[in-house]
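Work through the exercises below with the sequence and the model open. Each task is followed by a solution in steps.

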Amino acid sequence: MAREGDGKAGALPAGKQASLADVAALAGVSHMTVSRVINETGPVRAETRARVKAAIEQLDYRLNSVARALVTGRSGTLGVIALEANLYGPASTLSGIESAAREAGYATTITSITRPGRSSITDAVERLRRQAVEGIIVIAPHVTAARALEAVPSDVPLVAVGGGDEAPVPVISVDQYDGARRATEHLLGLGHKTVWHVAGPEDWLEALERERGWRETLKIHGAKIPPVIRGDWSARSGYAAGRSLVGKPGMDAVFMANDQMALGFLRACTEAGISVPGEIRIVGFDDVPEAAFYTPPLTTVRQDFVEVGRRTYAMLSDRMSGGERRARDLVIPELIVRESSGIS
């Protein structure tokens with residue numbers, strides 16, 4: 001058996017990944033000594049510590065998350081289940097979560113799913129649990145995703161981003177209703193008798209909340225509620241909505257459910273020779289980086305995804321410590337006024 005002072009070098013077979021036992025053998029110490037060095041627990045002589053670290057570097061040893069969890073009870077990793085990560089909102093949410101986790105010393109393991117059903121979400125949760133993640137975040141913008149969270153075992157520390165009021169887990173989200181209220185009141189405050197709305201898909205919680213905020217704000221102000229035109233978040237669908245709405249009598253203000261659709265709507269106005277904001281005022285939602293460079297620059301509702309990420313991590317940390325399973329938190333959005341609503 002190797003003694004702590006031997007330090008004999010050894011070579012691993014080609015393609016073999018170094019184990020903790022390999023590091024111990026090369027450094028001439030026990031595996032418990034290697035564990036103390038890696039996890040910085042217990043006393044280890046400086047000379048021995050240096051030898052263990054040299055062996056780790058020579059063997060390119062990496063402690064995987066499962067092994068770390070077995071040794072310390074912690075993996076240092078959080079799991080994220082992402083849906084529709086190619087769209088601006090979910091992608092920015094994911095970026096904010098990764099940033100907050102990194103600042104807290106956690107790595108993130110991301111599992112992307114294409115269908116937000118019960119089986120796909122529970123399967124993703126189980127995959128992440130097998131990787132010994134300490135907690136899980138689900139970016140759940142779909143109605144079906146929020147409902148599917150009911151099937152997740154109650155002992156899993158899990159937080160949903162945008163999961164709606166009915167999700168049986170802690171939820172953090174931007175106050176979509178308040179953002180829509182701000183957008184609609186801004187346009188009404190400019191003297192328009194009503195505001196039209198190009199909504200997002202019906203199976204998106206954010207789209208439903210933005211539509212509800214728009215509709216109830218019109219009711220509160222006694223304004224007529226026009227029929228909803230529904231898009232799919234794409235600029236193409238916004239363009240199609242513009243082609244159908246431009247020129248309608250009394251249609252001089254429109255709240256778009258996101259900035260990409262607003263871009264398409266602006267194109268339709270340009271082709272029809274309609275001046276924005278001279279004849280139609282437009283407000284979007286999201287404040288994508290390009291919004292300030294649209295023609296004209298777009299008035300829009302800004303979502304603070306950095307703050308969403310920070311609060312999501314804080315809520316998950318609380319849940320991992322046994323905190324409330326039905327906690328709720330809202331991030332308040334901000335109206336960014338630009339030329340598309342007639343303000344320069």
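**Exercise 1: a helix pair**

The crossing of α5 and α12 is right-handed. The model is a predicted one.

Task: State at what angle α5 and α12 pack and how far apart their axes are, then list the residues that make the contact.

Solution.
- Step 1. Two packed helices are described by the angle between their axes and the distance between the axes.
- Step 2. Helix α5 covers residues 88–103 and helix α12 covers residues 305–320; they pack at an angle of about 55°, and their axes are 7 Å apart.
- Step 3. Angles under 35 degrees count as roughly parallel and those from 65 to 115 as roughly perpendicular, so α5 is oblique to α12.
- Step 4. On the α5 side the contact is made by Y88, G89, S92, T93, G96, I97 and A100; on the α12 side it is made by F305, V308, G309, R310, T312 and Y313.
- Step 5. Sorted by class, the contact of α5 with α12 has 6 nonpolar, 6 polar and 1 charged residues.

**Exercise 2: an enclosed space**

Task: Find how many cavities of 30 Å³ or more the structure holds, and describe the lining of the largest cavity.

Solution.
- Step 1. Rolling a probe the size of a water molecule over the atoms shows where empty space is left.
- Step 2. The structure holds 1 cavity of 30 Å³ or more.
- Step 3. The volume of the largest cavity is about 120 Å³.
- Step 4. It is lined by 16 residues, of which T93, V161, G162, E206 and F305 are the closest to its centre.
- Step 5. Two or more lining residues come from each of α5, β5 and α12. T93 and F305 also take part in the contact between α5 and α12.
- Step 6. By class, the cavity lining has 9 nonpolar, 6 polar and 1 charged residues.

**Exercise 3: two pockets**

Task: Give the volume of the largest pocket and of the second largest pocket, and set out the make-up of each lining.

Solution.
- Step 1. The largest pocket has a volume of about 480 Å³. Among its 24 lining residues, G163, G164, D165, S173 and E209 are the closest to the centre.
- Step 2. At least two lining residues come from each of α7 (143–148), β5 (171–174), α8 (176–189), α9 (205–220) and β11 (328–331). With 5 residues, α9 gives the most.
- Step 3. The lining of the largest pocket divides into 9 nonpolar, 5 polar and 10 charged residues.
- Step 4. For the second largest pocket the volume is about 160 Å³. Its lining consists of G191, H192, K193, T194, W196, K224, P226, P227, P249, G250 and D252.
- Step 5. That lining divides into 4 nonpolar, 4 polar and 3 charged residues.

**Exercise 4: backbone exceptions**

Task: Locate the cis peptide bonds that join V276 to P277 and T295 to P296, and place W233, a residue with positive phi.

Solution.
- Step 1. Most residues other than glycine have a negative phi, and most peptide bonds are trans.
- Step 2. The bond between V276 and P277 is cis, with omega about 15°. P277 is in the loop between α11 (259–271) and β9 (281–283).
- Step 3. The bond from T295 to P296 is also cis, and its omega is near -5°. P296 lies in the loop between β9 and β10 (300–302).
- Step 4. W233 is not a glycine, yet its phi is positive, about 85°. The loop between β7 (229–230) and α10 (235–245) holds W233.

Note on methods. Residues numbered from 1 in each chain as written. Predicted model: local features only at pLDDT ≥ 70, side-chain atom pairs only at ≥ 80, totals over all residues. Heavy atoms only, no water. 1 Å grid on protein atoms, 1.4 Å probe; cavity = no way out; pocket = protein on both sides within 12 Å on 5 of 7 lines; lining within 4 Å. Points joined across faces, edges and corners; volume = space filled by probe spheres on them. Helix = DSSP H or I, 4+ residues; strand = E, 2+ residues; numbered from the N terminus. Nonpolar A, V, L, I, M, F, W, Y, C, P; charged D, E, K, R; others polar. Axes fitted to C-alpha atoms, helices over the stretch in contact; angles between N-to-C directions. Parallel < 35°, antiparallel > 145°, perpendicular 65-115°, else oblique. Left-handed = near helix turned anticlockwise from the far one by under 90°. Contact = heavy atoms within 4.5 Å.
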